[in-house]
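User: Please take a close look at the aromatic side chains of this protein. I would like a connected account of how the rings pair, how accessible they are and where charged groups lie over them.

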Amino acid sequence: MKRKYLVLFSSLIVLIGLVFVVLSLITSRNYYAEEYRPQFHFSPEENWLNDPNGMVYYDDEYHLFYQHNPHDNEWGPMYWGHAISEDMINWEHRPIALEPDDLGTIFSGSAVVDWNDTTGFFDGEEGLVAIFTHNGSGQKQSIAYSSDNGRSWEKYDGNPVIPPHPEINDFRDPKVFWHEETEKWVMALAAGKKIMFYDSPNLIDWNFMSEFGEGAGAQGGVWECPDLFELPIDGDPNNTKWVLQVDIGDGAIAGGSGAQYFIGDFDGTTFTSDDEPDHINWLDYGADFYAGQSFSDIPDEDGRRVMVAWMSNWLYANRVPTEVWRGSMSVPRSLELKTTDDGIIKLFQSPIEEFTKLRDKELFKIENQVVSSKEAANLLDEIEADVFELNAEIQLDQPVDFGIKVRISEENEDETVIGFSESTNELFVKRSQSDELYFSPYFDGSHAVSIDDNKIIKLQILVDKNSVEVFSQNGEYVITDLIFPRDDSRSLEFYVEDGEITINSLEIHSIKSTWN
Ligand code: FRU
């Protein structure tokens with residue numbers, strides 16, 4: 001009798017185990033496999049995402065918080081979603097970090113490591129402090145702290161630490177850092193069409209210092225999500241400049257929202273820009289790179305300044321044709337200041353080197369080949385790819401237009417063109433032909449940037465299920481655009497119009513999914 005029960009019991013256990021294995025196989029196959037779901041970009045499991053928030057490195061972990069509506073896949077009551085990574089590439093979803101309360105919903109902000117317990121929150125130890133905007137009756141700045149590596153957060157009971165501004169309604173998105181020379185915390189805060197700077201000894205008591213922005217740069221919309229950091233010029237630590245990154249809600253280079261930056265000096269009190277007031281530096285020439293924020297506290301031995309931005313645009317963010325989730329982040333980018341041949345200091349961006357470990361199969365490789373229009377047309381005939389990286393160096397021996405079409409469908413209804421037009425000297429991304437365009441009148445079109453030195457065009461192109469990021473001339477020019485092609489649009493085509501070019505190198509790798 002006993003034996004019979006034992007056999008029955010063990011069979012039951014085996015059966016449950018089998019069901020579990022089958023179920024997890026089914027779910028893992030469907031995980032992050034919905035139409036348009038990014039395979040190597042961060043997106044939430046469900047519902048709405050916008051700005052990256054609270055980006056900080058602490059105890060071998062990168063933290064990414066983000067503007068999140070957990071109830072719907074449209075913008076709504078804002079929470080801070082949370083994810084953790086060891087390499088900024090593979091992310092683990094964590095429970096929501098900050099929820100709305102009596103003071104309001106939780107808008108954008110930053111996080112720092114309070115190494116010396118300046119706040120007194122950590123009993124003389126160290127801990128994480130988040131500084132964010134409470135959006136309730138008026139916008140005010142508040143703080144929260146975590147003693148367990150960001151796993152749980154306590155809001156400060158004296159919130160807000162900066163009350164609403166009596167005259168300025170748009171008063172938000174605090175980015176805080178420790179200013180080494182003057183040994184204090186500094187906050188950059190978006191206020192209307194300006195940035196205001198505050199300082200504090202303890203992240204609790206804040207004092208207004210100065211403002212920047214009257215009549216400077218692009219002014220087509222309110223200023224949002226500032227970031228301020230110091231970078232070496234051409235890698236020389238003894239020769240540095242400060243970069244003030246500012247997003248504008250409307251009127252950016254590709255229409256709608258976008259990111260600009262100023263290069264100048266910050267003395268602990270005031271930021272002064274080196275640019276003429278009417279000069280605009282765009283961070284990205286595409287339509288979908290917004291609210292970028294750089295990680296705080298990346299150790300000096302590493303020394304990088306790494307930025308992540310929201311890949312969307314307020315013109316149509318609420319309408320993009322994804323279900324289940326809506327919104328994703330750019331690939332993390334390493335930022336550097338470099339002097340160009342014309343003697344101008346510019347911000348260069350490149351995907352972080354950790355990205356290269358996602359390279360999978362080499363799908364194509366050629367070197368030193370002269371290619372005519374006719375040869376170009378068949379060059380990539382054998383290749384099919386939807387999630388991939390393309391690296392190329394093209395030499396223009398004569399003035400010709402050339403480019404690469406990606407995500408082409410069988411019947412040619414879909415294609416996204418990444419091209420160079422010799423007559424206008426412009427590199428462009430044209431996304432006017434893809435399956436789903438009609439969700440917004442603002443989505444259709446082409447986004448371009450004029451290239452200074454056009455004899456050799458270098459391209460690093462990252463293509464995911466619903467985006468292209470084009471880095472050109474070693475990251476001097478970047479175009480980031482969302483696309484919505486059919487899932488089986490996987491062909492590629494190289495084109496050269498009326499003439500020949502020399503392909504110094506052209507390599508294509510498929511890219512592994514980070515979401516299996
Ligand atoms: C930028 C922004 C921020 C604000 C947040 C609200 O995209 O408008 O200024 O804090 O989004 O979600």
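Analyst: Tyr31 is partly exposed, because its relative accessibility is 32%, a value between the 20% and 50% limits. Tyr32, by contrast, counts as buried, with a relative accessibility of 2%. These values come from a predicted model.

The two tyrosines also form a ring pair. The ring centres of Tyr31 and Tyr32 are 4.6 Å apart and their planes meet at 55 degrees, so the arrangement is tilted; an edge-to-face pair would need an angle over 60 degrees. Both residues belong to one aromatic cluster, which also contains Phe42, Tyr66, Trp91 and Trp515. The total for the model is 38 aromatic pairs.

A further pair joins Tyr36 to Phe484. Here the geometry is edge-to-face, with 5.1 Å from centre to centre and 85 degrees between the planes. The two partners are 448 residues apart, and the pair thereby links distant parts of the chain. Tyr36 is located in the loop between α1 (2–30) and β1 (47–58), whereas Phe484 is in the loop between β31 (477–482) and β32 (491–497). Tyr36 is buried because its relative accessibility is 2%, and Phe484 is likewise buried, at 0% relative accessible area.

Charged side chains also lie over aromatic faces. Arg37 is placed over the face of Trp325, 4.1 Å from the ring centre. Lys405 is positioned over the face of Tyr495, and the distance to that ring centre is 5.6 Å.

How values were computed:
Residues are numbered from 1 along each chain as its sequence is written. This is a predicted model: local features need pLDDT of at least 70, side-chain atom pairs count only at pLDDT 80 or more; totals for chains, interfaces and linings use all residues. Side-chain values use heavy atoms; hydrogens and water are left out. Rings of Phe, Tyr and Trp (its six-membered ring) pair if their centres lie within 6.5 Å; planes under 30 degrees apart count as stacked, over 60 as edge-to-face and the rest as tilted. Buried means under 20% relative accessible area, exposed over 50%, partly exposed in between (1.4 Å probe, protein chains only). Helices (H or I, at least four residues) and strands (E, at least two) are DSSP runs, numbered from the N terminus. A charge sits over a ring if NZ of Lys or CZ of Arg is within 6 Å of the ring centre and within 35 degrees of the ring normal.
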